[in-house]
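This briefing walks through one chain, starting with its overall layout and then turning to its helices and to two single residues. Please keep the sequence and the structure in view while reading.

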Amino acid sequence: MDDAITRASELFKVLSTPVRLAVVHRLAHGESAVQPLADELGISQTLLSQHLRVLRMAGLVEADSGGRQRTYRVTDDHVARIACDAITHSQEDIA
(Lines give C-alpha, C1' and ligand atoms only; values in the text may rest on other atoms or scores of the structure.)
Protein backbone atom coordinates (compact mmCIF):
# COMPACT_ATOMS: atom_id res chain seq x y z
CA MET A 1 0.00 0.00 0.00
CA ASP A 2 1.14 3.55 -0.73
CA ASP A 3 2.88 5.36 2.16
CA ALA A 4 0.77 8.48 1.55
CA ILE A 5 -2.42 6.44 1.97
CA THR A 6 -1.11 4.94 5.20
CA ARG A 7 -0.19 8.39 6.57
CA ALA A 8 -3.59 9.78 5.55
CA SER A 9 -5.28 6.88 7.34
CA GLU A 10 -3.28 7.68 10.49
CA LEU A 11 -4.42 11.32 10.23
CA PHE A 12 -8.05 10.22 10.10
CA LYS A 13 -7.50 7.95 13.11
CA VAL A 14 -6.22 10.90 15.15
CA LEU A 15 -9.17 13.05 14.05
CA SER A 16 -11.73 10.28 14.61
CA THR A 17 -12.29 11.27 18.24
CA PRO A 18 -15.01 13.95 18.52
CA VAL A 19 -13.04 16.01 21.05
CA ARG A 20 -9.91 16.09 18.90
CA LEU A 21 -11.91 17.00 15.80
CA ALA A 22 -13.61 19.78 17.79
CA VAL A 23 -10.23 21.05 19.02
CA VAL A 24 -8.77 21.20 15.51
CA HIS A 25 -11.95 22.85 14.22
CA ARG A 26 -11.85 25.46 16.97
CA LEU A 27 -8.11 26.13 16.61
CA ALA A 28 -8.59 26.49 12.83
CA HIS A 29 -10.37 29.73 13.71
CA GLY A 30 -7.62 31.05 15.98
CA GLU A 31 -5.21 30.05 18.70
CA SER A 32 -6.33 29.53 22.27
CA ALA A 33 -5.03 28.83 25.74
CA VAL A 34 -6.08 25.57 27.41
CA GLN A 35 -8.62 26.82 29.96
CA PRO A 36 -10.68 29.00 27.59
CA LEU A 37 -10.64 26.17 25.05
CA ALA A 38 -11.78 23.65 27.66
CA ASP A 39 -14.57 26.00 28.75
CA GLU A 40 -15.66 26.55 25.16
CA LEU A 41 -15.77 22.81 24.45
CA GLY A 42 -17.43 22.00 27.78
CA ILE A 43 -14.77 19.53 28.94
CA SER A 44 -12.28 19.42 31.78
CA GLN A 45 -8.83 20.90 31.37
CA THR A 46 -7.36 17.48 32.21
CA LEU A 47 -9.29 15.74 29.43
CA LEU A 48 -8.42 18.49 26.96
CA SER A 49 -4.73 18.25 27.87
CA GLN A 50 -4.77 14.51 27.09
CA HIS A 51 -6.26 15.16 23.65
CA LEU A 52 -3.88 18.04 22.97
CA ARG A 53 -0.96 15.74 23.74
CA VAL A 54 -2.18 13.27 21.08
CA LEU A 55 -2.63 16.10 18.57
CA ARG A 56 0.85 17.44 19.37
CA MET A 57 2.43 14.00 18.99
CA ALA A 58 0.73 13.70 15.58
CA GLY A 59 2.13 17.10 14.62
CA LEU A 60 -1.32 18.65 14.13
CA VAL A 61 -1.09 21.33 16.82
CA GLU A 62 1.74 23.14 18.56
CA ALA A 63 2.02 25.14 21.73
CA ASP A 64 3.65 28.44 22.57
CA SER A 65 4.74 28.72 26.18
CA GLY A 66 4.54 32.47 26.45
CA GLY A 67 4.22 33.41 30.10
CA ARG A 68 2.15 31.37 32.52
CA GLN A 69 -0.07 29.59 30.02
CA ARG A 70 0.38 27.67 26.81
CA THR A 71 -1.35 28.84 23.68
CA TYR A 72 -2.21 26.22 21.06
CA ARG A 73 -2.64 26.55 17.31
CA VAL A 74 -3.07 24.28 14.30
CA THR A 75 0.21 23.61 12.52
CA ASP A 76 -1.18 22.73 9.10
CA ASP A 77 -3.84 24.59 7.12
CA HIS A 78 -4.63 21.40 5.17
CA VAL A 79 -5.64 19.63 8.38
CA ALA A 80 -7.69 22.64 9.48
CA ARG A 81 -9.55 22.59 6.15
CA ILE A 82 -10.18 18.84 6.41
CA ALA A 83 -11.71 19.29 9.86
CA CYS A 84 -13.81 22.29 8.84
CA ASP A 85 -14.93 20.69 5.56
CA ALA A 86 -15.94 17.46 7.33
CA ILE A 87 -18.04 19.38 9.84
CA THR A 88 -19.62 21.54 7.13
CA HIS A 89 -20.37 18.44 5.09
CA SER A 90 -22.04 16.75 8.08
CA GLN A 91 -24.35 19.77 8.47
CA GLU A 92 -25.55 19.68 4.86
CA ASP A 93 -29.03 18.42 4.14
CA ILE A 94 -28.24 15.24 2.26
CA ALA A 95 -31.31 13.65 0.71
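What percentage of the 95 residues in the chain do buried residues make up? In this model, which is predicted rather than determined by experiment, buried residues make up 31% of the 95 residues in the chain. The points below begin with the chain as a whole and then go through its parts.

**Overall layout**

- The chain contains five helices and three strands, and reading along the sequence gives the pattern α-α-β-α-α-β-β-α.
- Measured out along its principal axes in the computed model, the C-alpha trace of the chain spans about 45 × 35 × 20 Å.
- If one takes the contacts between residues at least 6 apart in sequence, 51% of them join residues that are at least 24 apart.

**Helix α3 and its buried face**

- Helix α3 covers residues 34-41, and its buried residues are Val34, Leu37 and Ala38.
- Viewed down the axis of α3, these buried residues fall within an arc of 100 degrees, so they line one face of the helix.
- The elements against which the buried residues of α3 pack are two helices, α2 (18-27) and α4 (45-57), together with two strands, β1 (32-33) and β3 (71-74).
- Just after α3 comes Gly42, whose phi is positive, at about 70 degrees.

**How helices pack against one another**

- Two packed helices are described by the angle between their axes and the distance between the axes, and the three pairs below can be read in that way.

*α3 with α4*

- The axes of α3 and α4 come within 9 Å of each other and cross at roughly 105 degrees, which makes α3 roughly perpendicular to α4.
- On the α3 side the contact is made by Val34, Gln35, Leu37, Ala38 and Leu41, and on the α4 side by Gln45, Leu48, Ser49 and Leu52.
- Sorted by class, the residues of this contact between α3 and α4 are six nonpolar, three polar and no charged.

*α2 with α4*

- The axes of α2 and α4 come within 10 Å and cross at roughly 75 degrees, and these two helices are therefore roughly perpendicular to each other.
- In this pair, Val19, Arg20, Val23 and Val24 of α2 meet Leu48, His51, Leu52, Val54 and Leu55 of α4.
- The contact of α2 with α4 is made up, by class, of seven nonpolar residues, one polar residue and one charged residue.

*α2 with α5*

- Helix α5 covers residues 77-91, and it packs with α2 at an angle of about 110 degrees, the two axes being 9 Å apart.
- The helices α2 and α5 are therefore roughly perpendicular to each other, and α2 passes α5 in a left-handed crossing.
- The residues that make this contact are Leu21, Val24 and His25 from α2, and Val79, Ala80, Ala83, Cys84 and Ile87 from α5.
- The residues of the contact of α2 with α5 divide into seven nonpolar, one polar and no charged.

**Two residues in strands**

- Is Ser32, which has its place in strand β1, buried or exposed? Ser32 has a relative accessible area of 6% and is buried, because buried means a relative accessible area under 20%.
- Once its neighbours within four places in sequence are left aside, Ser32 is in contact with Arg26, Leu27, Leu37, Arg70, Thr71 and Tyr72.
- Glu62 is found in strand β2, which covers residues 61-64, and Glu62 is partly exposed, with a relative accessible area of 36%.
- Which residues does Glu62 contact, leaving aside its neighbours within four places in sequence? Glu62 is in contact with Thr71, Tyr72, Arg73 and Thr75.
- Glu62 and Glu92 are 30 residues apart along the chain, and their C-alpha atoms are separated by 31 Å.

Key. Residues numbered from 1 in each chain as written. Predicted model: local features only at pLDDT ≥ 70, side-chain atom pairs only at ≥ 80, totals over all residues. Heavy atoms only, no water. Helix = DSSP H or I, 4+ residues; strand = E, 2+ residues; numbered from the N terminus. Buried < 20%, exposed > 50% of the residue type's maximum accessible area, 1.4 Å probe, protein only. Contact = heavy atoms within 4.5 Å. Arc of directions from axis to C-beta. Axes fitted to C-alpha atoms, helices over the stretch in contact; angles between N-to-C directions. Parallel < 35°, antiparallel > 145°, perpendicular 65-115°, else oblique. Left-handed = near helix turned anticlockwise from the far one by under 90°. Nonpolar A, V, L, I, M, F, W, Y, C, P; charged D, E, K, R; others polar.
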